[in-house]
Amino acid sequence: MADSVTSRRNLWRRIPLWQKILVGLALGVLAGALMGEDASVFKPIGDIFISAIKMLIVPLVFSTLVVGITAMRDPQKMGRIGLRTIVLYLITTAFAISIGLLASTIFQPGAGLDLNFDKPVQAEEAPSLVQILVDLVPQNPIDALANGNILQIIVFAIGLGISLTLIGEKGEPVVRLFESFAEAMYKLTEIVMAFAPFGVFGLIAYVSGSYGLDVLLPLAKVIGVAYLASVLHVLLVYSGLLALLGRLNPLRYLSGILDALVVAYSSASSSGTLPVSLRCAQKNLGVSEGVSGFVLPVGATINMDGTAIYQGVVALFIAQLVGVDLSLMDYGMIIVTGTLASIGTAGVPGAGLIMLSIVLAQVGLPLEAIAVIAGIDRILDMARTSVNVAGDLMVTTLVGKSEKELNMNIYNGPNRV
């Protein structure tokens, strides 16, 4: 009997984490479909898992950034990595909006629909570039850590890491302390992720039970177009950039990020997925701690490819819904505005709504139409978060390859942790 139990445990441990999570996701969908709103009884399981993930974010980001900066030992290298990271994020964001627009143009998700959107919606404004720069520097780093302000944490961690590097031998004891702390956080991440299948089950059961057919059917086409555009962006743009710029096998990248994608889809939180993304980058893709510890936190804060796809799809959907024909100039304006707005809304709560209202106002579409898709926002958010996380990991991999900090033995390995 004991041997039988041990054998089953060993079998469970040999199954890749992403497969376990997919089982939890499938069972959650089934439970939600069968139980309807009663499936909310499972929500606390998902909430506990999300809380545990969020518990990891601030200490993990802070420690890995400090370790990453001190490992580089070269401020010029850090500047080079930062510039490459931001340029890649902007390029992929422009591609994302374009794919969203193209998909909506081809499939016409808003054509023929008669939906009411009388509820007024307030126009949002992105903060000015000057205000963003001012807000980057924390007046109180402890307060930034306590409130989880990732951009301010990044700035403080970079400053501390550079300072520890500059003081040389005197900084070594503190560097070793952060290295030990980062290792402890990696181990804690593994422990939390062992419960991921159960957490995902709770999250998806609740979401599946909350959205009935009466909510989904009228807007099924716009959901389908957004999901199709998201998949195409990952398969064409991300895989294409890896193959062309990095000379890397995209299939290895796709198999290596599955854990992070499933958690991103179920949690709809890029920051919440960050601990899993770091684990995938280092253990599955072979990116060094220095590069992944710097690029991924930045990406989780400013990379909005999934949201950009959402802007393109929804803007065209609303134009078709109200019978407005957009010109080529309007299409170009949506691409430029959405790309620039992704910078201005970085790290701002409700960034998706801010970006969408800016884009709609720029081309003269009614902001009240935002209310039409409010009911399915969580369904769309799950897809756009998955794209954001996939983009973070793609850029991290490319930057790692360009800096010769990508372990090809791990990248070309079986991608199993």
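The paragraphs below lead from the chain as a whole to its core, its surface and a few individual residues.

The structure is a predicted model. Its chain has 417 residues, of which 51% count as buried. The secondary structure consists of 21 helices, with zero strands. The fold brings together parts of the chain that are distant in sequence: among contacts with a separation of 6 or more, 85% join residues 24 or more positions apart. Towards the outside, the chain exposes about 18,900 Å², and carbon and sulfur atoms supply 64% of that area.

The interior may be considered next. In soluble globular proteins, nonpolar side chains tend to be buried together. In this model, the largest nonpolar core has 116 residues. Helix 3, which spans residues 43–72, provides the largest share of this core, with 14 residues. Within the core, the residues with the most contacts are Met193, Tyr253, Phe294, Ile334 and Leu393. Tyr253 illustrates how such a residue is surrounded. Apart from residues up to four places away in sequence, Tyr253 touches Tyr238, Leu242, Leu285, Ala390, Gly391, Leu393, Met394 and Tyr411. Leu393 thus appears both among the partners of Tyr253 and among the core residues with the most contacts.

Helix 20 covers residues 377–402 and includes Thr396. Thr396 counts as buried because its relative accessible area is 0%, under the limit of 20%. Beyond its neighbours within four places in sequence, Thr396 is in contact with Ala281, Val287, Val291, Ser292, Val295 and Leu296.

Another buried residue is found in a loop. Asn303 is placed between helix 15 (289–302) and helix 16 (305–322). With a relative accessible area of 3%, Asn303 falls under the 20% limit and is therefore buried. The side chain of Asn303 has polar partners. One is the side chain of Asp392, with which it makes a polar contact at 2.8 Å. In addition, a polar atom of the Asn303 side chain lies 2.9 Å from the backbone oxygen of Asn388. When neighbours within four places in sequence are set aside, the residues in contact with Asn303 are Tyr89, Thr92, Thr93, Val298, Asn388, Gly391 and Asp392. Gly391 is also one of the residues touched by Tyr253.

The loop that follows helix 16 offers a further example. Val324 lies between helix 16 and helix 17 (328–344). Val324 is classed as partly exposed because its relative accessible area of 34% lies between the limits of 20% and 50%. Outside the residues up to four places away in sequence, Val324 touches Ala319 and Leu365. Val324 and Gly364 are 40 residues apart along the chain, and a distance of 9.5 Å separates their C-alpha atoms.

The surface also carries nonpolar side chains. Leu102, Ile106, Phe107, Leu228, Val231, Leu232, Leu235 and Leu236 make a nonpolar patch of about 730 Å². Two elements, helix 4 (75–107) and helix 11 (220–245), each give two or more residues to this patch. Helix 11 makes the greatest contribution, with five residues. Leu102, one of the patch residues, belongs to helix 4. Its relative accessibility is 52%, over the 50% limit, so Leu102 counts as exposed.

Technical notes:
Residues numbered from 1 in each chain as written. Predicted model: local features only at pLDDT ≥ 70, side-chain atom pairs only at ≥ 80, totals over all residues. Heavy atoms only, no water. Patch = residues over 30% accessible without salt bridge, like charges linked within 9 Å, V, L, I, M, F, W, Y side chains within 5 Å. Areas by Shrake-Rupley, 256 points an atom, 1.4 Å probe, with all protein chains shown as cover. Salt bridge = Lys/Arg side-chain N within 4 Å of Asp/Glu carboxyl O. Helix = DSSP H or I, 4+ residues; strand = E, 2+ residues; numbered from the N terminus. Buried < 20%, exposed > 50% of the residue type's maximum accessible area, 1.4 Å probe, protein only. Contact = heavy atoms within 4.5 Å. Core = buried A, V, L, I, M, F, W, Y, C linked by side-chain atoms within 4.5 Å. Polar contact = N/O pair within 3.5 Å; in protein donor to acceptor, adjacent residues only side chain to side chain.
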